[in-house]
Amino acid sequence: MEGIFITFEGGEGAGKTTVLQTVKNRLEKEGKKVFTTREPGGSVIAEKIREVILDPSHTEMDPRTEALLYAAARRQHLVEKVIPYLEQGYIILCDRFIDSSLVYQGDARGIGIEEVLAINLFATEGLLPQLTLYFDIDPEEGLKRIQANSDREVNRLDQEKLDFHVNVRKAYQSLAKKEANRIKTVDASPTIEDVVENVWAQLKETIEK
């Protein structure tokens, strides 16, 4: 595949979605072919699965059901969008991917990272991003940002207690250390402008290799 697959990860309110759109515009101004997408979702079927997963009324959803639904949405998204765009030489910027499942379901839900990794490697046939940018922020600050943003969708994860989000951060930090060659940590606490510049530098390094 000729394209470059880059994923954006982080806890709730880290600002990754805003930064993703900003750097996308910059890359396009440079004449690059860029495709942006998100998970869960990104294709018609995967978006329908997203609605089921994140519906605030689905509080009875079993953690393993949740993990399997994420993996199913990921598979459909890959075959319909990610792989075809990679084959066409696009830079793909994806808001969340496999690391979200490892952290949220594997660790924070207590299923087990290895177990969740196994079903996701089945779903993706081992495809991983060339670069993953992890936006690190204190969970309390992230949740404050969410409350201040009236335009953001409210989903089932927003109903979790602070301890859940603290565990998510710890799991991301641990994963970033383990996968240091692929996952680069971005301090998401400064101004959005500063975060964008940091991300831009990381992107350019990967794209220009």
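How far apart should the ends of helix α7 be, given its 17 residues at 1.5 Å a residue? The expected span is 24 Å, and the end C-alpha atoms of α7 (residues 162–178) sit 25 Å apart, which agrees. Keep in mind that this is a predicted model.

So what is α7 doing with its faces? Its buried residues are F164, H165, V168, A171, Y172, L175 and A176. They cover an arc of only 135 degrees around the axis, so they fall on the same side of α7. That fits the usual helical geometry: an α-helix has 3.6 residues a turn, so residues three or four places apart point the same way. Turn to the other side of α7 and you'll find D163, K170 and K177, which are exposed.

As for the cover over the buried residues of α7, it includes three strands' worth of neighbours to look up, β1 (4–10), β4 (131–136) and β5 (183–187), along with the helices α4 (98–108) and α6 (139–148).

Helix α6 is worth a stop of its own, since L143 lies in it. With a relative accessibility of 19%, L143 counts as buried, because the cut-off is under 20%. Which residues does L143 touch, leaving aside neighbours within four places in sequence? The contacts of L143 are E12, L162 and H165. H165 is also one of the buried residues of α7. By contrast, L69 is 74 residues from L143 along the chain, and the two C-alpha atoms are separated by 25 Å.

Now for some backbone oddities in the loops. Most residues other than glycine have a negative phi, and most peptide bonds are trans. Against that background, three spots are worth a look, tabulated here.

| Site | Backbone value | Loop |
|---|---|---|
| E39 to P40 | cis, omega near -10 degrees | P40: between β2 (34–38) and α2 (44–54) |
| R96 | phi near 80 degrees | between β3 (91–95) and α4 |
| E125 | phi near 55 degrees | between α5 (113–124) and β4 |

Neither R96 nor E125 is a glycine, and each has a positive phi. Are these two buried or exposed? R96 counts as buried, at 12% relative accessibility, whereas E125 is exposed, with a relative accessible area of 62%.

The loops of R96 and E125 also lead back to α7: the R96 loop runs between β3 and α4, the E125 loop between α5 and β4, and both α4 and β4 are among the elements that cover the buried residues of α7.

Key: Residues numbered from 1 in each chain as written. Predicted model: local features only at pLDDT ≥ 70, side-chain atom pairs only at ≥ 80, totals over all residues. Heavy atoms only, no water. Helix = DSSP H or I, 4+ residues; strand = E, 2+ residues; numbered from the N terminus. Expected span 1.5 Å × (residues − 1). Buried < 20%, exposed > 50% of the residue type's maximum accessible area, 1.4 Å probe, protein only. Arc of directions from axis to C-beta. Contact = heavy atoms within 4.5 Å.
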